[in-house]
Amino acid sequence: MAAMTTMGLSQIIAGPTHQAGHTLNLVFVADSGMIRVEEQNTLPVSWSDHYLVSFRLSATLNLRRGEGQIKIVRPRRLMDPEGFLRNLGVLPAMEPGDPVDVLVDLYNREVTRAIDTIAPEHPITLRHDKPSPWFSGELAVLKHTRRGLERTWRSSRDVSDRARATAFLRAYTVAIRAAKESYMTTRIASAANRSSELFRVVGELLQPPVVEETFDDPATRCRDFAHHFADKVAQIRLELDSNFTTVPGEVIEASACPILWDSFRLVLPETVVEVLGAVRATTSVLDPCPSWLIKSAREGLVDWFVLIINASLEQGFFPSYLKQAVVRPLLKKVSLDSTVLNNFRAISNLPFLGKVLERVVASQLQGFLDDINYLDQSQSGFRAGHGTETALVALVDDLRRELDGGSVTLLVLLDISAAFDTIDHGILLGRLSGMGLGGTVLSWLRSFLEGRSQMVKLGDACSDPWPLSCGVPQGSILSPMIFNIYMKPLGEVIRSFGVGCHLYADDAQLYYSFPPNSKEASRVLDECLAAVSIWMRRNKLKINPDKTEVLLVDRNPDRGIGWQPVLDGVTLPLKPQVRSLGVLLDSSLTLEAQALAVSGRAFAQLRLVRQLRPYPAKADLAGVVHALVTSRLDYCNALYVGLPLKTARKFQLVQRSAARMLTGAPYRERSTLLFKELHWLPFTFRAQFKVQVLTYKALNGLGPSYLRDRISAYEPTRSLRSSGEALLVIPPASQARLVGTRDRAFSVVAPRLWNTLPKDLRQAPTLAVFRKNLKTWLFQCAFPD
């Protein structure tokens, strides 16, 4: 033993290892401290006179070759859905009424066991110099052969050796080009018809992967982020409570309402299969296995999901394990300082099973909201048939009509700080009860809100979870719908002062129109903003006056109005242009700044796409152009109808450049021929197409009511040939005196364009048929034979 000690070894077995009481089995460990022995046990066995010595080794050094960082992964190639289901087996027998938490725990254990069986975790060394993804083994062999031929020629300097090396180099270059083309075509084709996925794929193909920032002490950094995110919400709530100590009863206690919905409908297997197919395969570190594998094997997992979902709905309880969220800090802009914690936003990731359960509840809750018509009609966020474009079309239409009438309009864009994170659960539950929810439905929603926690994760380091006493989980499916319910009274408060508004989730847009010489306008608007501020404080929401923007819409904006609105004691300056839901609006509504910004970004994307041109097929490249370039021209292009030629030309140049890149046409080739070859509608016709689609949706109950109220069907007082033609009333010239109103206001342009359509097109039975026939008709108008 002394000799072993001189070599830096320590014997760790203390006690007999033989039936006779002798210590015959020894274990020596180096004294360096890099390897530790844990969970040591010495047990007698029936089949030997020696004892069984068992122990576990814990190593702090990298036992693998290489100097890179170690990461624990599961090989995706081993994750076979059929093998996964075979190892998972049948659903174990469960007792009726078992708590849903027990079912979720059993599901996690069994899924973990199955995935560990078919694809056990193993460590890999992360390499900083990763080979290109298109560089295959065949190319590696060719590269090795090429280098051998080059070495042979350099040593011999023979002409024939040089010729062989040069010929092989050409072949190797052709093979590389073919490999790149095959790889890029496959990647682009895999994301067909999925714009968001295509954005990501093209970004990976064109730009080098961004190396995640590494920290010297990730654990400390995690704690810092956790404290920052928790303190930010706590500080907002503290400021609100200190500024407004008494909360009126009507805020907490909603008006009495009989219970209209007290129990969920239980789900059927086919419904669960449909939901699993619709939910995005986002995987959290809390999930027992990758979500894509669950979706691929959903036919065999349907019994598990039906049991868990129906147990949760019947018991009125959201499983505790699914209330945890993993937060990843994301820098708001690449140019910001990464050492400042306030420059990061928290991106939450929730367990996949919880999102499936939320999707089921959201479907039933949305049906209930539609039945009772509860949501504010001006709310466009996260509602079917609504969107940023419909909200902006209605807003700009109101601004243009007021401008045509000689009025001045002030547009106020409110900024709410961390709106989703500061929602008060007591107030929200009062609203839910006040709209007629009760029984297990209200109990389930209360359980969904309460008892939540989240933790920050950076690499392999995680912070301690901290509880959430307020707010709704971001990244969930139910949260936007619940937020709309919470914000419903805000629209009523604003409209009570005669002020118009449009809401998109937490983006509130107020606009007040008045004569240029009005003496009451400042008082009315200030009182409205004060009432909004009071409502916000009562409902635990914080307005940020420093980020709130105001735009003066006037025929002559330079003359001013002589006063500025005030919010929470802060005077709001009038700006020459503001960004509303991604669109730049200026004082005269010319949209010139918007056209310049969109065309600039589109040309930048087009330059990136041009790098892909040699590789994918023409059809795949056209899909990339539509996703990255044309989509920018189409965003809110209903606002672009009737644009002056000098403004529209900026968009037309982008479309023309994209067509030239796809067809390889020379610079002076006429764009009309290129668009016809590609079967593209020119820019002006694309804007008309969008207006016509919005009109069809509004007339057939597929769009927001605030657009339907702006158009009315033509009904002659006596029987005429135009009776039954599905025509719309065109506002008289006295209501559209300005060119901007006649050519660009939705309430004026939509009826005029609609009435030019053929009768059978106006009376199309479905939206899909209308869109298809409308594009054909517009294509014939754009390119008459």
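**Exercise 1.** Which residues does Trp 444 touch, not counting residues up to four places away in sequence?

*Solution.* The model is a predicted one, and the contacts are read from it as follows. Trp 444 touches Phe 264, Ser 312, Leu 313, Gly 316, Phe 317, Phe 318, Leu 357, Val 361 and Leu 478, once residues up to four places away in sequence are set aside. As a further step, consider the aromatic residues: Trp 444 belongs to one aromatic cluster with Trp 261, Phe 264, Phe 318, Phe 368 and Phe 448.

**Exercise 2.** Find the largest nonpolar core and state which helix gives the most to it.

*Solution.* The largest nonpolar core has 103 residues, and those with the most contacts inside it are Phe 84, Phe 305, Trp 444 and Leu 510. The helix that gives the most to this core is α12 (residues 352–372), with 10 residues. Apart from this core lies another one, of 90 residues, among them Val 393, Leu 606, Val 629 and Leu 674.

**Exercise 3.** Describe the surroundings of Asp 98, beginning with its place in the chain.

*Solution.* Asp 98 is found in the loop between α2 (81–88) and α3 (100–118). Leaving aside neighbours within four places in sequence, Asp 98 is in contact with Leu 103 and Gln 315. Asp 98 is buried yet has no salt bridge, and the nearest side chain of opposite charge, that of Arg 109, is 10 Å away. A salt bridge would need a side-chain nitrogen within 4 Å of a carboxyl oxygen.

**Exercise 4.** Work out how the rings of two aromatic pairs are arranged, taking Phe 225 with Phe 229 and then Phe 382 with Tyr 504.

*Solution.* The count of aromatic pairs comes to 22. Phe 225 and Phe 229 form a stacked pair, with 5.9 Å centre to centre and 20° between the planes. Because Phe 225 and Phe 229 are 4 residues apart in helix α7 (residues 218–243), they are separated by about one helical turn. Phe 225 counts as buried at 1% relative accessibility, and Phe 229 counts as buried at 9%. The rings of Phe 382 and Tyr 504 have their centres 6.1 Å apart and their planes at 35°, so this pair is tilted. Since Phe 382 lies in the loop between α12 and α13 (388–404) and Tyr 504 in strand β14 (residues 500–504), the pair ties together parts that are 122 residues apart in sequence. Phe 382 is partly exposed, with a relative accessible area of 44%.

**Exercise 5.** Over which ring does the charged end of Arg 76 sit?

*Solution.* The charged end of Arg 76 sits over the ring of Trp 292, 4.0 Å from its centre.

How values were computed
Residues are numbered from 1 along each chain as its sequence is written. This is a predicted model: local features need pLDDT of at least 70, side-chain atom pairs count only at pLDDT 80 or more; totals for chains, interfaces and linings use all residues. Side-chain values use heavy atoms; hydrogens and water are left out. A nonpolar core is a set of buried Ala, Val, Leu, Ile, Met, Phe, Trp, Tyr and Cys residues joined through side-chain atoms within 4.5 Å. Buried means under 20% relative accessible area, exposed over 50%, partly exposed in between (1.4 Å probe, protein chains only). Helices (H or I, at least four residues) and strands (E, at least two) are DSSP runs, numbered from the N terminus. Contact means heavy atoms within 4.5 Å. Lys and Arg count as positive and Asp and Glu as negative; His and the chain ends are not counted. Rings of Phe, Tyr and Trp (its six-membered ring) pair if their centres lie within 6.5 Å; planes under 30 degrees apart count as stacked, over 60 as edge-to-face and the rest as tilted. A charge sits over a ring if NZ of Lys or CZ of Arg is within 6 Å of the ring centre and within 35 degrees of the ring normal.
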